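Me: Could you take a close look at one part of this model with me? I would like to follow a single helix and see what lies around it.

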Amino acid sequence: MADTAAPDPASLSYEEARDELIQVVGRLEQGGATLEESLQLWERGEALASRCEEWLLGARQRLEAARKNVGEGSGGGDA
């Protein structure tokens with residue numbers, strides 16, 4: 001992959017990881033890369049997809065916690 005100084009996926013926001021993942025998929029779909037470049041792109045894409053999944057799971061947990069807190073705050077009724 002040409003970007004040897006690509007940031008660590010763990011440091012990326014959801015939007016940054018998602019946007020870069022879209023670029024990686026586009027480059028893979030275009031073809032024309034060597035096998036080594038394709039493997040590097042694939043590995044980067046896997047890391048970016050994992051980062052996006054981490055963000056989404058974290059967001060889901062936060063929403064569930066907020067719903068639980070709202071439910072408890074309203075006298076235990078369903079939220």
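**A close look at helix H1**

Reply: Happy to! To set the scene, 16% of the 79 residues in the protein chain count as buried. Please keep in mind that this is a predicted model. The protein chain holds two helices and zero strands. Its accessible surface is about 6000 Å², with 52% of that belonging to carbon and sulfur atoms. If we take the contacts between residues at least 6 apart in sequence, 70% of them join residues at least 24 apart.

Now to H1 itself, which covers residues 14–30. With 17 residues at 1.5 Å a residue, H1 should span 24 Å, and its end C-alpha atoms are indeed 24 Å apart, so the expected and computed spans agree. Just after H1 comes Gly-31, which has a positive phi, near 75°.

Which residues of H1 are buried? They are Ala-17, Glu-20 and Val-24. Viewed down the helix axis, the buried residues of H1 fall within an arc of 70°, so they line one face of the helix. The spacing fits a general rule: an α-helix has 3.6 residues a turn, so residues three or four places apart point the same way. On the other side of H1 you will find Ile-22, Gln-23, Glu-29 and Gln-30, which are exposed.

What does the buried face look at? The buried residues of H1 pack against helix H2, residues 35–73. Val-24 is a good place to see this: leaving out residues up to four places away in sequence, Val-24 touches Leu-41, Arg-44, Gly-45 and Leu-48.

Some of these names return in the largest nonpolar core, which has six residues: Leu-12, Ala-17, Val-24, Leu-41, Leu-48 and Cys-52. H1 and H2 are the elements that give two or more residues to this core, and H2 gives the most, with three. As a general background, nonpolar side chains tend to be buried together in soluble globular proteins.

One more residue is worth a visit from the H1 side. Arg-51 lies in helix H2 and has a relative accessible area of 15%; that is under 20%, so Arg-51 counts as buried. Apart from its neighbours within four places in sequence, Arg-51 is in contact with Pro-9, Ala-10, Leu-12 and Ala-17. Of these partners, Ala-17 brings us back to the buried residues of H1, and both Leu-12 and Ala-17 belong to the largest nonpolar core.

Notes
Residues numbered from 1 in each chain as written. Predicted model: local features only at pLDDT ≥ 70, side-chain atom pairs only at ≥ 80, totals over all residues. Heavy atoms only, no water. Helix = DSSP H or I, 4+ residues; strand = E, 2+ residues; numbered from the N terminus. Buried < 20%, exposed > 50% of the residue type's maximum accessible area, 1.4 Å probe, protein only. Contact = heavy atoms within 4.5 Å. Areas by Shrake-Rupley, 256 points an atom, 1.4 Å probe, with all protein chains shown as cover. Expected span 1.5 Å × (residues − 1). Arc of directions from axis to C-beta. Core = buried A, V, L, I, M, F, W, Y, C linked by side-chain atoms within 4.5 Å.
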